[in-house]
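Q: Could you take me on a close look at the part of this chain where its strands pair up? I am in my first year, so please go step by step and show me how the pieces fit together.

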Amino acid sequence: MDAKTDVKRKADLSDYLAAERTFLAWVRTGLALMGFGFVVARFGLFVQQLEVFQRAPSAPSSGFSLWFGTTLIAVGVVVNLSSAWRHVRLVRELDRGEPSCSRSLTQSVATAVFLAAVGLAMAIYLISVRSSTNLHSEDRKETTMAQVATKGIIDQASNHSVDQTVEKLKTILQSKGVTLFALVDHSGEAEKVGMKMPPTKLLIFGSPKAGTPLMLAAPSIAIDLPLKILVWEDAQGKVWLSYNSPEYLKERHGLPAELLQNIAVVGTLASKAAE
């Protein structure tokens with residue numbers, strides 16, 4: 001009678017090498033996830049675009065970038081630990097001569113799905129950032145074009161004559177404690193030399209309390225200070241108040257945003273005088 005003996009097949013060297021290659025592939029995947037997660041968390045890839053609009057350095061580890069990067073690092077650690085455990089178990093099975101089978105299907109599919117979700121999220125983010133960037137670029141372009149077209153000058157229609165508007169503006173300046181440094185009567189000076197021009201008067205006014213911080217921040221703005229409002233009449237008899245756009249002066253001299261209010265008052269004064 002033939003005795004049947006179960007002989008376990010001893011694993012070949014190629015089996016061990018295949019297992020090692022699989023293990024190293026998973027290690028590379030885990031390292032890639034951890035490396036990318038560190039870059040996102042440390043350098044704030046998802047908030048760098050704010051620097052362009054706010055002109056201020058963003059925190060390198062804050063907000064969504066920190067949590068997203070930390071999650072990627074955690075997933076990379078899990079992948080490496082899981083692959084190490086599976087590799088040890090597979091080598092032991094090969095040592096015992098047990099038939100090996102692939103048990104990494106769940107891990108492979110889960111990792112693939114996770115990476116696909118990350119890729120989709122980043123694609124959506126990049127598209128949204130690009131759209132936002134284009135929108136802001138268009139806004140800045142339109143603002144710049146408008147300023148170039150008007151030479152940085154804002155024209156405010158007045159409901160009064162030139163003299164009435166000037167007197168009203170002088171009263172407003174006095175009530176607010178703003179010094180009127182000069183009143184230049186261009187049309188009056190032209191008449192003295194026998195030339196005729198529509199009523200045109202320039203008021204030069206300001207406050208050292210508001211102007212000094214501006215000149216300390218950007219000395220070149222002294223060219224455009226004190227503030228000025230030109231009251232003039234066009235060929236159709238319409239009266240206008242014209243003044244330098246505060247935004248134009250800010251861009252021209254590189255003024256800090258927090259000091260814009262020091263010159264933005266000119267628009268309020270013009271509007272009140274035109275009423």
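A: Let's begin with a term we will need: a polar contact is a pair of N or O atoms within 3.5 Å, and within protein one of them must be able to donate a hydrogen and the other to accept it. Keep in mind, too, that this is a predicted model.

With that in hand, look at Asp155, which sits in strand E1. The side chain of Asp155 makes a polar contact with the side chain of Ser242, at 2.5 Å. Not counting residues up to four places away in sequence, Asp155 touches Trp240, Leu241 and Ser242. Asp155 and Trp240 are 85 residues apart along the chain, yet their C-alpha atoms are separated by 6.3 Å. Is Asp155 buried, partly exposed or exposed? Asp155 counts as partly exposed, because its relative accessibility is 45% and that class runs between 20% and 50%.

What joins these two stretches of chain? Strand E1 (residues 153-157) and strand E5 (residues 239-244) run antiparallel, joined by five bridges. For an example, find Ile154: its bridge partner in E5 is Tyr243.

Now turn to the other strand that pairs with E5. Strand E4 covers residues 227-233, and four bridges join E4 to E5, again in an antiparallel arrangement. Here Val231 stands opposite Leu241 in E5. Leu241 is also one of the residues touched by Asp155. E4 and E5 form a hairpin with five residues between the strands, and in this hairpin Gly237 takes a positive phi near 85°.

As you follow these strands, one idea may help: in a regular strand the side chains alternate between the two faces of the sheet.

Next, the aromatic rings. How many aromatic pairs are there? The count comes to one. That pair is formed by Trp232 and Trp240, with 6.5 Å from centre to centre and 25° between the planes. The pair counts as stacked because planes under 30 degrees apart are put in that class. Trp232 counts as partly exposed because its relative accessibility is 24%, and the cut-off for buried is under 20%. Trp240, at 23% relative accessibility, also counts as partly exposed.

Let's step back along the sequence to the loop between helix H7 (208-217) and strand E4, where you will find Asp224. Asp224 is buried, because its relative accessible area is 9% and buried means under 20%. A polar contact of 2.8 Å joins the side chains of Asp224 and Arg252. Leaving aside neighbours within four places in sequence, Asp224 is in contact with Asn244, Leu249, Arg252 and His253. Asn244 brings us back to our starting area, since strand E5 spans residues 239-244.

Finally, here is the wider setting. The chain has nine helices and five strands, and along the sequence they follow the pattern α-α-α-α-β-α-β-α-β-α-β-β-α-α. Of its 275 residues, 29% count as buried. Among contacts in the chain with a separation of 6 or more, 68% are between residues 24 or more positions apart. The contact of Asp155 with Trp240 is one you have already met, with their places 85 residues apart along the chain.

How values were computed
Residues numbered from 1 in each chain as written. Predicted model: local features only at pLDDT ≥ 70, side-chain atom pairs only at ≥ 80, totals over all residues. Heavy atoms only, no water. Helix = DSSP H or I, 4+ residues; strand = E, 2+ residues; numbered from the N terminus. Buried < 20%, exposed > 50% of the residue type's maximum accessible area, 1.4 Å probe, protein only. Contact = heavy atoms within 4.5 Å. Phe/Tyr/Trp six-rings, centres within 6.5 Å; stacked < 30°, edge-to-face > 60°. Pairing = 2+ DSSP bridges.
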